[in-house]
Every structure is written in C-alpha cells, then in structure tokens.
Amino acid sequence: MTKDINILGIETSCDETAVAVVRNGTEIVSNVVASQIDSHKRFGGVVPEIASRHHVEQITMVLEEAVRDSQLSWDEIDAIAVTEGPGLVGALLIGVNAAKALAFAKQKPLVGVHHIAGHIYANRLEEDFQFPLLALIVSGGHTELVLMKDHGNYEVIGETRDDAAGEAYDKVARMLNLPYPGGPHIDRLAAVGEANIAFPRAWLEEGSYDFSFSGLKSAVINKIHNAKQRGEVLKDEDVAASFQESVVEVLTSKTLRAAKQYQVKQVIVAGGVAANKGLRASLETAFKQVDIPLLIPPLHLCTDNAAMIAAAGTIAYEQGRRSSLDLNANASLLLK
Ligand code: KG4
Ligand code: ZN
C-alpha cells in the first residue's frame, strides 16, 4: 500500500477565506470557506481593502477549523499549497504569508498554486482526469479554454480579450438593479424569461478560440437605456434570457469546436459561472451528441474554495514542484 498524501490548501485571492485538506488529490478531508459576500454587497462588487482586512481577521480561525475538522496531526500533513495568483494582491498576500509562516513553523514543503489550476482540479475531487482534456474556465475574472495533455500541463488556446463571462453577468445584473454577485440572479430570471431580444455574438476571426463579452454587455446596456427613453417596457426576465443565450451559445460552440479539433477524451468546466444552469444544460446537450464525457463540478466546488487549491497542489507536489520561503503574491500570474 502506498502512503497517503495529505495536502493543506489555502485560498485568499478574492473574497473567500478558505482552507482545506485533501487526500491524494481526490478526496476532501476538510473544507472550510468563510465568504465575505455580505460585506461587499452594498458596494456592488469586491472592495480590495475590505477583502484584505477580512482575510486577516478570518485566516487563523479558518485554518484552525480546517485542521481540526481533518482530524489529522501535523505529522500526517505533507505540504502546504497556497494560491499565489492571479487575484487581488492584498488579498493574495494574506494567504501567501499564512502559508509561509506555517511551512516554516511546521517544517513543511510549500507549493504555490495558480488559481485557475485550482478551479480545473476541483473536478478531480469528483472524477479522475482523462488526457488530453479540454477545460473551459468561466469565472468573475477569467474566460479561458485550456488544453491539458497531462497533469500540471496547461496550454491556453483561447481567452477573453476584454470582460470575463462572470464580469459581464455582474455588470448586466447591476443594470437590472440586481444584488452582487449578479450571475445567479440573471440565471434565475433567464429561466423564466424569453430570449426574444437579438443581442450580438462575438465569434471573432475564423478559427479563433478567444472570447469577447464587452460588446454584448454594451449592447444590453444600450437596449435598456433606449427602451427607457422611449418609454418601452422591457421585461427583466427577457433581457436576462436573451443575454444568457448569447453568452451560452458562444461558450458552448467554441468549446465544442475545440474539443473536436484536439480530439479530447474529456471536457471539464470550472469557475463560478460553471454554476449557471443555462450553460450546464447547453453543454450537456452538445457533448452528449458527440459522445465526449463532460464533467462539471457540483455547485460548492464551482466557486472559490481551498479544496481545489489543495487538489492542484497535490499534483504539483507529486511532480516535485516547490516554492521557497520568499514566495510572493503575483496578481497577474500566468497559467503554465
Ligand atoms: O470563480 P468565482 O467564484 O470567483 C472568481 O474567481 O472570479 O466566480 C464568481 C463569478 C461571479 O461573476 C458570479 O456572478 C458568477 O461567478 N456566477 C454565476 C453564477 N453563479 C456565480 N454566473 C452565472 N450564473 C450563475 N449561476
Ligand atoms: Zn475563482
């Protein structure tokens, strides 16, 4: 029998203070997430200074709880994995410093993890990977198509040129006076609305796997303004359904085309927008037709958490990747 590998993961890149312990990269032993959403809601978005302050206040408690819940002793924990970027630099620094302090105090190896690698590896807590695989990452800060030929090997084949998908959701939601974060609210309205407004789809140049959502966002904002000026009544549900249809159609179509071109064995979805019911349904239909296995994490693993960081950190640890105690937060870290 081979020895278990237990990795403690720390995530503080945005507005969730999270610590988790994962066994062998596939099994959640403990998973604690303290969300700050309520503190940011009244500002309509994440306020970096407030985020940092909350992380400082929460990190020790969250850490202690995750270790206690794991029922493991420090001897049984093999390494500390932490999100080193991308994200809000002041927020990242809290996690990075906590991880460095722990690694030093407990004499454990330190492993820096890319936040998006974490989102991808959230799926491995559900099912093992089959390579080559294609990952669609859709979150508040990212929209990317990543080809993976092996563990820890990431090739970005497409990315957003402007707004991320989640960002577009949040901005449109704001126009409709919906609370932050707006994605789930638009999703809920879209389910009962009719997609009867023709919004644009940004396909970009022939063959491109890049995305662009700022034109769509502007088209929605203009439509709402013009309707208001003319005294026309637009149903919020229909605006939501039409906007969502445009986003979902582009995401599904480009993911499907890339999956076929690269002949992948599996497609996985990651990031907060992976919680979107319209996107889930559309991807499920598309990939069932071509018989390519599709993996979408359960809702609690779609949004930011530390189990995903520990899962991605396990692979990095197994591959011998180590960070030194001068590890720094990197707000614009590239995935490679
Ligand atoms: O991955 P995540 O928790 O944080 C980032 O790393 O960005 O993603 C948050 C984003 C927000 O923009 C939020 O509005 C969006 O995910 N989101 C959704 C849904 N649930 C969360 N967007 C569309 N539909 C949803 N059901
Ligand atoms: Zn995220």
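## Pockets, rings and unusual bonds

At 3% relative accessibility, phenylalanine 213 counts as buried, because the cut-off for that word is under 20%. Keep in mind that this is a predicted model. Phenylalanine 211 is buried too, with a relative accessible area of 0%.

These two residues also make a ring pair. The centres of the rings of phenylalanine 211 and phenylalanine 213 sit 6.2 Å apart with their planes at 10°, so the pair is stacked. The count of aromatic pairs comes to five. Another one is formed by phenylalanine 129 and phenylalanine 131, and here the arrangement is edge-to-face, with 6.2 Å from centre to centre and 90° between the planes. Both phenylalanine 129 and phenylalanine 131 are buried. Add Tyr121 to Phe129 and Phe131, and you have one aromatic cluster.

Now for the empty space. Rolling a probe the size of a water molecule over the atoms shows where such space is left. Here are the two biggest pockets side by side:

| Pocket | Volume | Lining residues | Classes in the lining |
|---|---|---|---|
| Largest pocket | about 1400 Å³ | 44 residues | 17 nonpolar, 17 polar, 10 charged residues |
| Second largest pocket | about 290 Å³ | 19 residues | 10 nonpolar, five polar, four charged residues |

Which residues lie nearest the centre of the largest pocket? They are Cys14, Ser139, Gly140, Asp170 and Tyr180. Two or more lining residues come from each of β3, α1 (37–41), α4 (115–121), α5 (165–175) and α6 (183–192). The element that gives the most is α5, with seven residues. Two domains take part as well: domain 1 (6–121 + 302–318) and domain 2 (130–296) each supply at least three residues to the lining.

In the second largest pocket, the residues closest to the centre are Gly112, Val113, His114, Arg321 and Lys336. The elements giving two or more residues to its lining are β5 (110–114) and α11 (307–318). Of the elements, β5 gives the most, with four residues.

Strand β3, which we met in the lining of the largest pocket, also belongs to a hairpin with β2. Strand β2 covers residues 16–23 and β3 covers residues 27–35, and the two pair in the antiparallel sense over eight bridges. If you want to find one bridge yourself, look at threonine 17, whose partner in β3 is alanine 34. Three residues lie between the strands, and asparagine 24 in this hairpin has a positive phi near 55°.

Why look twice at a value like that? Most residues other than glycine have a negative phi, and most peptide bonds are trans. Two more cases of positive phi turn up in loops. Glutamine 107, in the loop between α3 and β5, has a phi near 55°. With 63% relative accessibility, glutamine 107 counts as exposed. Asparagine 177 sits in the loop between α5 and α6, and its phi is also near 55°. This asparagine 177 is exposed, at 70% relative accessibility.

The loop between α5 and α6 holds proline 181 as well. A cis peptide bond links tyrosine 180 to proline 181, with omega about -10°. Tyr180 should sound familiar, being one of the residues nearest the centre of the largest pocket. A further cis bond runs from glycine 85 to proline 86, where omega is near -10°. You'll find proline 86 in the loop between β4 (79–85) and α3 (89–106).

Technical notes: Residues numbered from 1 in each chain as written. Chains lettered and ligands numbered in written order. Predicted model: local features only at pLDDT ≥ 70, side-chain atom pairs only at ≥ 80, totals over all residues. Heavy atoms only, no water. Pairing = 2+ DSSP bridges. 1 Å grid on protein atoms, 1.4 Å probe; cavity = no way out; pocket = protein on both sides within 12 Å on 5 of 7 lines; lining within 4 Å. Points joined across faces, edges and corners; volume = space filled by probe spheres on them. Nonpolar A, V, L, I, M, F, W, Y, C, P; charged D, E, K, R; others polar. Domains from an automatic or database assignment. Phe/Tyr/Trp six-rings, centres within 6.5 Å; stacked < 30°, edge-to-face > 60°. Buried < 20%, exposed > 50% of the residue type's maximum accessible area, 1.4 Å probe, protein only.
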